[in-house]
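Please open the model in a viewer and follow the stops below in order. Each stop names a selection and then describes what is found there.

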Amino acid sequence: PSVDVSWVYLFVNCDLAYSWEAQAPFEVIKHEQELRITLEEDAWVTVMAFGDDEMPAGLPNYDPRVTPRVVTNPIYLDGDADGSWTAPGGKTCLIPEGRRP
């Protein structure tokens, strides 16, 4: 609970698709979100989260002047329901400037 998580972002194929202000930045569970994504092709999603406050003092291997951040591994979705996952191919990611789109 001492680590601030203020902003949560969901990316689909590296494009920002959704963003939320965390419901409880200083609780153990920072944010809960149920989301239905409609896809016609295979895709991957990842979630990023950031805090506004500095890391709490006393955590080993963390500079307290650094803001909290987290990135999940990609989650692969079989959007065309063919039973296999096909990479969507190379593209330029669309990420707005700044942490708060």
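Which residues does Leu10 touch, not counting residues up to four places away in sequence? In this predicted model, select Leu10 together with Asp15, Leu16, Ala17, Tyr18, Trp20, Leu35, Ile37, Thr46 and Val47, which are the residues it touches under that condition.

**The core**

Next, keep Leu10 and add Val5, Val8, Val12, Trp20, Ala43, Val45 and Ala49; these eight residues make up the largest nonpolar core. Two strands, β1 (7–12) and β3 (43–50), each supply at least two residues of this core.

**The pocket**

Now display the surface around Val8, Tyr9, Leu10, Trp20, His31, Glu32, Gln33, Glu34, Leu35 and Val47, which line the largest pocket. The volume of this pocket is about 160 Å³. Strand β1 provides the largest share of the lining, three residues. By character, the lining divides into six nonpolar, two polar and two charged residues.

**The aromatic pair**

Trp20 belongs both to the core and to the pocket lining, and it is the next residue to select, with Tyr18. A pair of aromatic rings is described by the distance of the centres and the angle of the planes. For Tyr18 and Trp20, the centres are 6.0 Å apart and the planes are at 10°, so the pair is stacked. The count of aromatic pairs in the model comes to three. Are the two partners buried or exposed? Trp20 is buried, at a relative accessible area of 18%, whereas Tyr18 is partly exposed, at 32%.

**Met48**

Move to strand β3 and select Met48. This residue has a relative accessible area of 22% and is therefore partly exposed. Leaving aside neighbours within four places in sequence, Met48 is in contact with Trp7, Val8, Tyr9, Phe11, Val70 and Val71. To draw a distance in the viewer, use the C-alpha atoms of Met48 and Val3: they are 15 Å apart in space, and the residues are 45 apart in sequence.

**Two positive phi angles**

Finally, select Asn13 in the loop between β1 and β2 (15–21). Asn13 is not a glycine, yet its phi is positive, at about 50°. With a relative accessibility of 15%, Asn13 counts as buried. Then go to Ala81, in the segment after β5 (75–77). Ala81 also has a positive phi, of about 55°, although it is not a glycine. At 63% relative accessibility, Ala81 counts as exposed.

Notes:
Residues are numbered from 1 along each chain as its sequence is written. This is a predicted model: local features need pLDDT of at least 70, side-chain atom pairs count only at pLDDT 80 or more; totals for chains, interfaces and linings use all residues. Side-chain values use heavy atoms; hydrogens and water are left out. A nonpolar core is a set of buried Ala, Val, Leu, Ile, Met, Phe, Trp, Tyr and Cys residues joined through side-chain atoms within 4.5 Å. Buried means under 20% relative accessible area, exposed over 50%, partly exposed in between (1.4 Å probe, protein chains only). Helices (H or I, at least four residues) and strands (E, at least two) are DSSP runs, numbered from the N terminus. Contact means heavy atoms within 4.5 Å. On a 1 Å grid over the protein atoms alone, a cavity is a set of points where a 1.4 Å probe fits but cannot get out, and a pocket is an open set with protein on both sides within 12 Å along at least five of seven lines; lining residues have an atom within 4 Å of a point. Grid points are joined across faces, edges and corners, and a volume is the space filled by probe spheres set on the points. Ala, Val, Leu, Ile, Met, Phe, Trp, Tyr, Cys and Pro count as nonpolar, Asp, Glu, Lys and Arg as charged, and the others, Gly among them, as polar. Rings of Phe, Tyr and Trp (its six-membered ring) pair if their centres lie within 6.5 Å; planes under 30 degrees apart count as stacked, over 60 as edge-to-face and the rest as tilted.
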